[in-house]
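Reader: I have a model open beside its sequence, and I would like to be walked through its sheets, helices and ring contacts by question and answer. Could you take me through it one step at a time?

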Amino acid sequence: MTVRDQISELEQRLWRLQAGDHLCCLYESEEEHRALLSPFMRQGLERHEKVLYIVDDHTGGQILDYLSADGVEVYPYLQRGQFAVLSSDESYMHAGEFEPERMIALLRSETDRAIGEGYKALRVTGEMSWALKGLPGSERIVEYEAKLNTFLPGSQCLAVCQYDQRKFDPSVLLDILVTHPLAVIGTEVYDNFYYMPPQEFLGANSIAAKLNSWLNHLKERKRSETQIRTLTRKLMTTQEDERRMISRELHDRVGQDLSGIKITLETLFDSQPAATPEIRKKVTQLSRLLDRTIFTVRDLAYDLRPPGLDEMGIVQALAMFCDDFSEKTQIHTEYHSVGIEKMKLEFNTQINLYRMIQEGLNNIHKHADATRAVVKLTAAFPHILLRIEDNGKGFDVEKRAREIDSEKRMGLRSLQERTHLLSGVMIVSSKPAQGTKILIKLPYAG
């Protein structure tokens, strides 16, 4: 995803914020800070909300520059009071001391005032670096963040609390993360599953509550992954059924109709001996075009539904595919199968094995610059082992793993997803100029 895409996605997520939301912003650069705060403030002004910014690290002038650079005419908003900048001394600190209850009372009062002035909500954001100055009460910052969750939900106020990761101790940020239902990390907004409600976080046994919360989230994540895997299996089964239907239509109807047209063209002049050479030439050209079209339709049909898989089984279907791949790509492809023909594989396993090899060889053709490929499918109870190797240009595996989320190519990712669906393990070994080896190990229950 490009930087522009990230900013666009951030803007869309911020636009979905509502009164009552409570976010923490953890940033590591001025670019990340500006990327979040500029649209957060601008959108509040556009939605006829009152916007309050509390400065500490930055100056009021810098914040006004944020908005100006974002295309906002700031001073009309300042003049009518829709936008205001306060210092930490004017807000968080009272007589040199921080009191969570007094700050929450201030937010409640400012929210009531904003509503009374005709605004839809109060949108407030504050720089929390004042808590690093050692002032009285600053040690209560985490308590304050937790107690905000007793005020904000159901109110007409939404808040973003800003934390510079370069300055705050990680132990403090861990507690800060736990006290916010939503978290902005850099330019990404997350629903925070580490969040703990205030009654748990501020309870008598908060450590036990935190442990129990995290354990429950681990269990929930496991349930979610299982559900996603089940749904994905169903989706892929439905997809294969649709592919089979389309393949049959292409082969049995479209292909046959095209073949009939070709035969008609080739016999068109049997009763027309006086046809001119020019007309005969055009008909010959049309016949050749039909040949190519029939070939293309059959290729599409075969790609959609492996020929022979239902009738001959996985071993022969793969042998046919590898031979066809060698002929089309001029990449010498060896196929070896040991013990698979004796296994009673369900169709879901067969089609996924076929798709894995199809995807693996297509990747070699598109990206590897290889002249040779080897496919080995072996039954080694209680596992099925699939090896796909080539003598191509190879790649840096660790670098590719880091880039896989941003690249548009789906080859390795598709292999990985199918492996996970079959509860297997995939290992990729490769180095530049040394080819690539993929080992996939799948369980076989018999």
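The exchange below goes through this predicted model, beginning with the sheets and ending with the ring contacts.

Reader: In what order do the 7 strands of the open sheet with mixed pairing stand?

Author: Pairing in this sheet is mixed, and the sheet is open. Its edge strands are β3 (83–87) and β9 (188–191), each of which pairs on one side only, and the twist averages 20° from one strand to the next. Read across the sheet, the order is β3-β2-β6-β7-β1-β8-β9.

Reader: Is strand β6 (residues 122–127) largely enclosed or left open by the rest of the structure, and why?

Author: One face of β6 carries L122, V124 and G126 and the other carries R123, T125 and E127, and all of these are buried, which leaves both faces covered. A residue counts as buried when its relative accessible area is under 20%. Because 6 of the 6 residues of β6 meet that description, the strand is largely enclosed.

Reader: Which residue of β7 is the bridge partner of G126?

Author: Strand β6 pairs with β2 (residues 50–55) in the parallel sense over 5 bridges, and there L52 has V124 as its bridge partner. Strands β6 and β7 also run parallel, joined by 6 bridges. In β7, the partner of G126 is C161.

Reader: Which residue of β8 stands opposite C24?

Author: The strands concerned are β1 (residues 22–27) and β8 (residues 182–185), which pair in the parallel sense over 4 bridges. Opposite C24, in β8, stands A183.

Reader: At about what angle to β1 does helix α7 run?

Author: Helix α6 (residues 141–151) packs on this sheet by touching β1 and β7 (157–164), and its direction makes about 160° with that of β7. Helix α7 (residues 170–178) lies across β1, β7 and β8. Its angle to β1 is about 150°.

Reader: In the open sheet of 5 strands, which strands stand at the edges?

Author: This sheet has mixed pairing and the order β10-β11-β12-β14-β13. A strand at the edge has a single partner, so one side of it is left without a neighbour in the sheet, and this holds for β10 (332–338) and β13 (425–430).

Reader: Which residue of β14 stands opposite I388?

Author: Strands β12 (residues 383–390) and β14 (residues 436–443) run antiparallel and are joined by 8 bridges. The residue of β14 that stands opposite I388 is I438.

Reader: At about what angle to β12 does α13 run?

Author: Helix α13 (residues 347–368) has 22 residues and reaches 30 Å from its first C-alpha to its last, close to the 32 Å expected at 1.5 Å a residue. Of those 22 residues 16 are buried, so the helix is largely enclosed by the rest of the structure. It lies across β10, β11, β12 and β14, and its angle to β12 is about 15°.

Reader: What phi does D369 take, just after α13?

Author: D369 follows directly on the end of α13, and its phi there is positive. The value is about 55°.

Reader: How many residues apart in sequence are the parts that the pair of Y92 and Y144 ties together?

Author: The structure holds 10 aromatic pairs. One of them is formed by Y92 and Y144, edge-to-face, at 6.2 Å centre to centre with 85° between the planes. Because Y92 lies in the loop between β3 and β4 (93–94) and Y144 in helix α6, the pair ties together parts whose separation in sequence is 52 residues.

Reader: How is the aromatic pair of F321 and Y354 oriented?

Author: F321 lies in helix α12 (residues 314–329) and Y354 in helix α13, 33 residues apart, and both are buried. Their centres are 5.5 Å apart and their planes make 55°. Planes under 30 degrees apart count as stacked and over 60 as edge-to-face, and this pair is tilted.

Reader: At what distance from the ring centre of F40 does R123 lie?

Author: R47 lies over the face of W15, at 4.8 Å from the ring centre. R123 lies over the face of F40, and its distance from that ring centre is 4.7 Å.

Key: Residues are numbered from 1 along each chain as its sequence is written. This is a predicted model: local features need pLDDT of at least 70, side-chain atom pairs count only at pLDDT 80 or more; totals for chains, interfaces and linings use all residues. Side-chain values use heavy atoms; hydrogens and water are left out. Helices (H or I, at least four residues) and strands (E, at least two) are DSSP runs, numbered from the N terminus. The expected span of a helix is 1.5 Å times one less than its number of residues. Buried means under 20% relative accessible area, exposed over 50%, partly exposed in between (1.4 Å probe, protein chains only). Two strands pair if DSSP finds at least two bridges between them. Axes are lines fitted to C-alpha atoms, for helices over the stretch in contact, and angles run from 0 to 180 degrees between N-to-C directions. Contact means heavy atoms within 4.5 Å. Rings of Phe, Tyr and Trp (its six-membered ring) pair if their centres lie within 6.5 Å; planes under 30 degrees apart count as stacked, over 60 as edge-to-face and the rest as tilted. A charge sits over a ring if NZ of Lys or CZ of Arg is within 6 Å of the ring centre and within 35 degrees of the ring normal.
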